[in-house]
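Work through the following exercises with the sequence and the coordinates at hand. Each task is followed by a solution in steps.

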Amino acid sequence: MIFHRQSRRYTLLAAGVLFILAFIAVSQVTLAGLSFQTEPAATPTLSPLSIGNETCLECHGQPGLTMPMENGDLLEVYVNPDDYNNSIHGELGYACVQCHRSVGEYPHPAYSASDLRAASLDLYQACRGCHEQQYALAQDSVHSRALAEGKRETAICTDCHTAHAVRPLKDRTTGELLVDAHVWIPQTCAQCHSAIYEKYQESVHGSALIEAGNPDVPTCIDCHGVHNIEDPTVASFRLKSPQICSKCHTDEERMAKYGLSTDVLNTYVADFHGTTVTLFEKITPDAETNKPVCYDCHSIHDIKATDDPERGLQVKENLLIRCQLCHPDATINFPDSWLSHYIPSLEHNPVVYYVNQFYKFFIPGVVGSMVILVALDLNKRARTRYPKIRKMEVTQEQVEPQQAESVGEPASEEDQHGSLS
Amino acid sequence: MAASANPAPAPSSDEGSETYTRFDLSQRLEHLIMLVSFTILALTGLPQMFATSTIGEWMIRSFGGIEMTRQIHHIAAIVLMLVSVFHIVAVLYRIIVLRSPLTMLPLLEDFKHLLHDLAYYFNLRKRKAYYGRYSYIEKVEYLAVVWGTLVMAITGFMMWNPVATASIFPGQFIPASKAAHGGEAVLAVLSIVIWHFYHVHIKHFNKSMFTGKLTRQEMEHEHPAELNLIESGSAPAIPKPEEIRRRQRIFLPPAVILTISLLFGIYKYVTFEETSITTIPPRETVAVFVPITPTPRPTPIPTPTPIPGEAAVSPNSWEGNYRDLFRNRCGTCHGFTAVGGLSLADYQSALQGGDSGPGIVSGDPEASTVVTVQSAGNHPGQLTLDELEQVIEWIAAGAAEK
């Protein structure tokens with residue numbers, strides 16, 4: 001009976017299937033360069049796998065459809081047709097069976113997994129079919145390493161992107177992240193990192209994004225990367241983190257909008273802490289140093305504006321709390337030993353400015369005087385050491401009585417001086 | 001480097017070889033140790049000042065990284081401070097015990113000599129000034145070293161012990177110290193290269209700091225006034241040995257106390273604070289993995305709560321075995337979706353059956369669609385032969401629910 005229905009559907013939908021496959025083939029052309037590395041299976045030939053989504057949704061479009069796992073948990077095999085059709089894959093006309101390649105035939109081959117997570121960990125491999133590059137990048141991530149260590153709850157493709165309701169994140173023509181996506185990203189990460197999200201929400205960046213939709217501020221991925229997310233607790237991440245912050249904070253155009261200084265990196269690098277971190281990064285990028293990076297003072301996820309009355313670092317007491325993390329005995333004068341990202345001037349850090357000014361004149365003054373005296377001495381010695389040249393000059397010019405005088409006394413003190421050297 | 005005072009001004013000349021002792025062994029050793037520590041300080045310090053330059057980075061890398069560079073710099077600084085302590089005590093010994101004249105003090109005469117030499121350079125005079133034991137050239141250098149060492153020691157202390165410094169002085173003194181330390185370093189190195197190298201190595205290689213001696217000819221040219229003083233016999237005489245011993249007895253106790261105090265000062269200088277040596281800034285403090293409770297999967301099938309007091313479930317019954325068997329094998333189609341009208345999700349639905357008739361007919365396997373369809377084979381979700389036999393037996397035996 002079921003067979004009968006099924007075979008009838010095959011004949012009825014043959015044209016439909018062909019149409020869908022043709023559509024897919026066309027979409028591939030427009031999609032080239034988006035995020036595909038391998039051409040998806042889209043050969044426009046009839047195969048047992050070429051089944052239209054309507055066929056699948058006949059059963060899988062019915063809410064409540066489940067199948068049991070080996071541990072008794074039920075795997076939901078219902079797919080909301082609206083979710084799928086509105087997803088990037090649905091919009092582009094992909095067929096269920098392009099991902100679910102093993103279930104094209106009906107009856108489906110037997111499938112079993114020990115539990116729901118095992119099923120997800122198995123089924124998400126389908127993403128590789130088209131997104132091999134992203135999959136490969138993800139293999140380098142802290143998530144993949146955690147998975148290899150047996151932490152099955154670690155994020156896989158479908159945990160962030162969902163399986164069936166995959167949203168487009170980039171503008172298809174410009175490749176820029178969509179404005180909405182800026183907001184989605186922290187929400188996505190928050191599914192597992194909710195405590196960090198709470199902090200981020202409070203931060204100068206997070207609040208601007210969540211409350212005002214400001215796309216200038218960094219989301220999780222701007223610091224942590226996408227797919228190949230690094231372990232942020234290792235020394236190498238810490239050492240290069242100032243470069244992450246300065247990507248935006250040395251961007252004149254972006255900082256000008258908010259009246260922020262772009263001297264933050266060079267003033268940091270010029271300071272004892274920044275010099276150390278910079279050299280560590282260049283010379284021993286995996287070594288640990290106790291010198292602070294940006295986030296040790298500005299906080300890691302709950303970064304506040306520096307004029308924030310409660311936590312802002314322009315308030316000396318707030319900065320002192322940060323200093324005391326490493327310098328527990330620090331007193332209230334101590335924060336001033338950090339120049340607060342200012343280049344010394346009369347207005348900011350005048351003592352340092354005056355010292356710099358002093359040496360700006362003192363060094364050339366002293367060294368210049370020495371150079372002049374040495375040059376005068378050299379000049380004099382050269383003239384007394386080569387009296388013949390001088391004689392010639394004298395005969396030519398027939399002037400300069402004083403020179404003539406010394407020429408006339410070859411055994412004078414000066415010549416003996418010369419003979420010593 | 002040179003002493004500010006010397007025992008007798010250049011002890012009497014050795015008549016045979018006509019050399020004049022200029023520096024005694026301790027002064028030469030002082031110079032040597034200072035020469036080495038100064039060079040190391042410059043080589044490890046300037047790259048720190050210009051750490052972002054290619055050459056600076058290369059040098060720091062060669063020393064084994066920035067921490068190692070700083071270690072070497074600190075050790076050389078300690079050596080230089082020790083030499084300085086020795087020098088202070090030695091100078092006091094010469095002044096107090098040997099009553100040497102303060103030949104290193106700058107005098108009005110030195111300015112006259114400078115003007116005299118300038119006049120000579122511009123051919124207004126026939127010869128250079130007659131220098132005494134130390135010319136203005138040497139005095140400038142000595143005083144520069146004293147001044148420089150003092151500035152470097154003070155600013156170095158502030159950078160070495162920033163927390164202690166800021167507990168007394170404004171915090172800005174620490175970066176100001178760094179600025180002064182760097183400026184002074186550049187000044188010192190340039191002075192050495194220009195002034196010292198020129199006057200001591202280029203103009204005439206004066207080896208007296210290593211041999212301790214000057215020849216008569218060198219004396220004539222470089223220290224004619226001193227030579228004159230020696231030869232006229234008016235150089236200050238060396239005190240009598242018993243007089244020296246008497247003064248030594250007076251000098252020794254305060255000298256020991258001074259030395260110990262200065263050494264203790266160096267010890268405190270180096271070990272004053274350690275707050276930043278081992279602490280590592282804390283990382284993210286909140287837990288990293290805190291999943292939000294996931295939205296429940298929308299189709300949890302309510303498992304019937306067993307009613308207490310009822311008879312135990314038989315393993316050969318719907319609840320004991322066949323409900324799970326049908327759910328696993330047939331549930332995908334014959335669960336809630338009830339393909340063909342047949343649902344095997346619960347016992348009543350199974351009895352009721354679907355479009356093709358009752359699913360299970362108690363005691364009559366032949367009339368049960370489940371058996372007929374499965375017996376035909378090739379049904380999606382096909383039971384194994386063993387399972388089918390069990391089902392047939394169970395139905396034949398009355399298809400017990402519990």
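Helices here are DSSP runs of H or I with at least four residues, strands are runs of E with at least two, and both are numbered from the N terminus. The model is a predicted one.

**Exercise 1. Two residues in a loop**

Task: Locate Ser340(A) and His341(A), describe their phi angles, and decide whether each is buried or partly exposed.

Solution.
- Step 1. Ser340(A) sits in the loop that links α19 (316-326) and α20 of chain A. His341(A) belongs to the loop between α19 and α20 of chain A.
- Step 2. Ser340(A) is not a glycine, yet its phi is positive, about 55°. For His341(A), also not a glycine, phi is positive at about 65°.
- Step 3. The cut-off for a buried residue is 20 or more other C-beta atoms within 10 Å. Ser340(A) has 16 C-beta neighbours inside 10 Å and so counts as partly exposed. His341(A) has 20 other C-beta atoms within 10 Å and is therefore buried.

**Exercise 2. The two chains as wholes**

Task: Summarise the secondary structure, burial and contact range of chain A and of chain B.

Solution.
- Step 1. Chain A contains 23 helices and two strands, while chain B contains 15 helices and two strands.
- Step 2. Of the 421 residues in chain A, 27% are buried. In chain B, 31% of the 402 residues count as buried.
- Step 3. Take the contacts between residues at least 6 apart in sequence. In chain A, 54% of these join residues at least 24 apart; in chain B the share is 67%.

**Exercise 3. The contact between the chains**

Task: Describe the side of chain B that touches chain A, then examine the packing of α20(A) with α7(B).

Solution.
- Step 1. The contact draws 78 residues from chain A and 71 residues from chain B.
- Step 2. On the chain B side, the elements giving two or more residues are α2 (54-63), α4 (108-121), α6 (162-168), α7 (173-202) and α12 (318-334). The largest share, 14 residues, is that of α7(B).
- Step 3. Sorted by class, this side of chain B holds 38 nonpolar, 23 polar and ten charged residues.
- Step 4. Helix α20 of chain A (residues 350-385) packs with α7(B) at an angle of about 5°, and the axes are 9 Å apart. The angle makes α20(A) roughly parallel to α7(B).
- Step 5. The contact of α20(A) with α7(B) has 22 nonpolar residues, three polar and no charged ones.

**Exercise 4. Helix α17 of chain A**

Task: Determine how far α17(A) reaches, which of its residues are buried, and what they pack against.

Solution.
- Step 1. The helix covers residues 272-283, twelve residues in number, and reaches 16 Å from its first C-alpha to its last. This is close to the 16 Å expected at 1.5 Å a residue.
- Step 2. The buried residues of α17(A) are His273(A), Gly274(A), Thr275(A), Thr276(A), Val277(A), Thr278(A), Leu279(A), Phe280(A) and Glu281(A).
- Step 3. Nine of the twelve residues are thus buried, so α17(A) is largely enclosed by the rest of the structure.
- Step 4. These buried residues pack against α14 (235-249) and α16 (264-270) of chain A, and against α2 and α3 (66-96) of chain B.

**Exercise 5. A helix pair within chain B**

Task: Characterise the packing of α14(B) and α15(B), and list the residues that meet.

Solution.
- Step 1. The axes of α14(B) (residues 369-376) and α15(B) (residues 385-396) come within 10 Å and cross at roughly 155°. That angle makes α14(B) roughly antiparallel to α15(B).
- Step 2. The handedness of the crossing of α14(B) and α15(B) is left-handed.
- Step 3. From α14(B), Val370(B), Val371(B), Gln374(B) and Ser375(B) meet Leu388(B), Val391(B), Ile392(B) and Ile395(B) of α15(B).
- Step 4. The residues of this contact comprise six nonpolar, two polar and no charged.

**Exercise 6. Surroundings of Cys248(A)**

Task: Place Cys248(A) in its helix and name its contacts beyond four places in sequence.

Solution.
- Step 1. Cys248(A) is part of helix α14 of chain A.
- Step 2. It has 17 other C-beta atoms within 10 Å and is therefore partly exposed.
- Step 3. Apart from neighbours within four places in sequence, Cys248(A) is in contact with Pro218(A) and Arg254(A).

Notes. Residues numbered from 1 in each chain as written. Chains lettered and ligands numbered in written order. Predicted model: local features only at pLDDT ≥ 70, side-chain atom pairs only at ≥ 80, totals over all residues. Contact = placed C-beta atoms within 7 Å. Nonpolar A, V, L, I, M, F, W, Y, C, P; charged D, E, K, R; others polar. Expected span 1.5 Å × (residues − 1). Axes fitted to C-alpha atoms, helices over the stretch in contact; angles between N-to-C directions. Parallel < 35°, antiparallel > 145°, perpendicular 65-115°, else oblique. Left-handed = near helix turned anticlockwise from the far one by under 90°.
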